[in-house]
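Please work through the following exercises with the model open beside the text, and try each task before reading its solution.

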Amino acid sequence: MERNRWTDMILRCHRFVFTFIANVVSPHPVALIGACLTATVIFSLGNVFIAFGNDFRFGYSDPNSPSIDEHAIYRSFFNLQSNPYMMVIIGQQTNGESMLMLEAFEEMKAEVERGLSKDVKLDDTETTSIRKGTMRDFLIYSSETLFFIIEEALNYPNENAEMGFPYAKLHGRYITTVRNFYGYDNGHLPMLSYIMVFYAEVPSIIDKIKRAELEWNKELKARNESTVELRLLGDAILNEEILVGSIWSVPYFLVGTSLMMVFVFVTVSRCDQSVCRTLFLTFWTTLSPIIAGLMAIGIYAYTGTNITCAMFITPFLVLGVGVDDGFLMMHNWFTSKELDGFLRLRSMLISTGPSISLTSFTNISAFLIGGYLSPPMVRSFCYCTALAMAFDWFFQLVVFAPALLQFHSFSFTLPHKENEGVKRAYVRYCEWLRMSATRVLLFVTLVFYWIWSVYFIFQMPERFSPDKTFHWNSHIARSLSWFDRASDNHEIFDVFVVDPPENSTQLLENVAAIRSTDYSCDNFTTWIETYDREYHPEPGPLAEYFELLPSFLDKYPDFKLLVHFTYTEEGTLLVRDFTFGVCVHGRGTWDKRALTHEDLRKRLPKGFSLYNYDSTIFDVILSTRETTVQTCMVTLICMIIMGVICIPSLRATSVATLCVISITIGIVGGLGAWGADMDTIVMVNVVMAIGLAVDYTAHITYHYFKTDDAPNNVDRMANSIEAIAHATAQAAITTMLCAVPLYFYEVYMFVTFAKTIFLCALLGYIHAVLIIPMLLLFFDGSIVGLVENA
């Protein structure tokens, strides 16, 4: 094939760069290895200071999402400087009886009192008037009033104390029960909740409250259940369970690593029959990615960044990718015809260096872009993995390559009995790929595969929930099932009116429009509608309409917190802003709750704002598909740019890009068919999959691009497949072996990672040895090939 000047210049650049690296490495390989290992030890010592941390609620939220503004309006309304912290304890009787039975209620109330009296010891640096207090001292809202009414009604039943939904009554005053009673039916209450909202201007105080929450939850799990089962829900408990689930994944990773290293040993034994040398080479093959992962996490630990659950994947992901590169370098090293160590090193680096660099830089770019477009918790994982990938690329060149030169500088070929017979088999395979019937069959199969994948991609529900990050049968998972049942029964979404309409007619129309949904509760009205029904004020300006508001608030004291009003100098009541709740039912799952939040948002007129404590998570659910597509597009553009730099061939770059898209579509569609949802976890895996897909496409296209000593394109492709097929198969198997144990760890996050690895290895290898060769041979002699060679 004739090459143009640009192509020759790129190849000369490749040769110059990797010849320079060979010249740097060859004089003192042991000293270079020693210097790198010394630096590794220094940076890896940061792992001693490692600190784990997860923030499920705000760690996965987008700083630019609508919920951030909604939370700001909530804080402004209640004059808070930071977000409050909420806990809920839910109780139900094990025999299904009502929680409005005196014995069951008193047991739950006693447990609430005991928990709220837990000490919260403060440091001198924490500026507050309280030096030593309890959790109760930092409450700004709780269900204490309602529990007092329930206690009165159960101990002294009379017409002045009545239970009901949505209000409980005591001496002519009404307290809302809609946030505490779930499943209430004619005096029977299967589920009762106690809400606690804490606030402190100093964040460290909230951290101490969270520690008390964890202690309380531990005691609840250890208590001997009587007739009442109690579950405490809070962010600290969720984050702790996520961390525990991540730590328990380590044994599965270690088993996968052991399986991979056994396979590496077996594979390497084909290069050197000496057991000692085989063990030594296995050690060097896995060393570079291992120290790369340790260094990256160590640097993060030095900077004080918390290690999140997703970052547990980083070392093992880098190990799989690094061993893949090692196989390619070993295959070239042991099949090289060069007898001199330096010449063999230079030949290996020139042959494999550009494609390894392309795949490494694409992986790095994929994770950098994915991190930039992702929420904070995902961003930490992506940036840490990108750093580890960069270290791995560097160590492959300055640790693994010198190790081959120093300890394995001898001529040895891979054992195969008849090289010519193998070559003829590859030639016949390529001739089969050029047959018209083969092309038609493969094109039809590709089209069917793409249609199937796209179908399952669009069938994936946008769903994300806390239980995807810990074991499905854990204590907190069972507690969340209670929360889901409560939300399915009913849930309150708060609407804040920061700029009220001028007259009552418009206000009532706005409220009716917001509540005109199929999922609105039939047995619930907003306090505005209750006020209108009880006092029948004349329609008109709000000042006149709410003239009797003080009397109403005296009757319904719960609502005093929900409306801000003042009096003018003339004594006229002036409503500044207010909030009211909207009750919905049948929306128990997180995706339904997110869609409900989005639908209510669209119904709000100007000057109205929606709030839900979980709205940051809802925005993550709603934006995942768009963010995933955006991340994939930007990553593919970067891959094309780097492909043009490393492989300046229209055919090779186009085919590689097309196949990366094809592999990615197949992976996402395969995950959808395999039961995964379109969520943040899948988004991270897709970013990872793009980088891994480049590994399979870049090597074959680069070898085909640079090979020019074959008499024709069939022989040229046969030589390219022969150069990468064996090493790529080994790479695919090692990557899958590393992930196999995770498939049996019943945590959605890690199972999805294993599924992604399986699909990527399978589809990547099929594209590398079947689809890409067929497409490159198909385009030879076509208008694309003629234009490129012109």
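**Exercise 1.** In this predicted model, find the order in which strands S5, S6 and S7 are arranged in their sheet, and determine which strands stand at the edges.

*Solution.* Begin with the arrangement: the three strands form an open sheet in the order S5-S6-S7, and their pairing is antiparallel. Because strand S5 (161-162) and strand S7 (173-176) each have a single partner strand, they stand at the edges, and one side of each is left without a neighbour in the sheet. Next, look at how S5 is joined to strand S6 (residues 167-170): two bridges link these antiparallel strands, and Glu162 is placed opposite Lys169 of S6. Finally, add the helix that packs on the sheet, which is H5 (residues 144-155); H5 touches S5, S6 and S7, and its direction makes about 60° with that of S6.

**Exercise 2.** Describe how helix H22 and helix H23 cross, and work out which kinds of residue make up their contact.

*Solution.* Two packed helices are described by the angle between their axes and the distance between the axes. For H22 (residues 650-673) and H23 (residues 680-706), the axes come within 8 Å and cross at roughly 145°, and the crossing is right-handed. Then list the residues that meet, which on the H22 side include Ala656, Cys659 and Ile663, and on the H23 side include Val686, Ala689 and Phe705. Sorting the residues of this contact gives 15 nonpolar, three polar and no charged.

How values were computed. Residues numbered from 1 in each chain as written. Predicted model: local features only at pLDDT ≥ 70, side-chain atom pairs only at ≥ 80, totals over all residues. Heavy atoms only, no water. Pairing = 2+ DSSP bridges. Helix = DSSP H or I, 4+ residues; strand = E, 2+ residues; numbered from the N terminus. Contact = heavy atoms within 4.5 Å. Axes fitted to C-alpha atoms, helices over the stretch in contact; angles between N-to-C directions. Left-handed = near helix turned anticlockwise from the far one by under 90°. Nonpolar A, V, L, I, M, F, W, Y, C, P; charged D, E, K, R; others polar.
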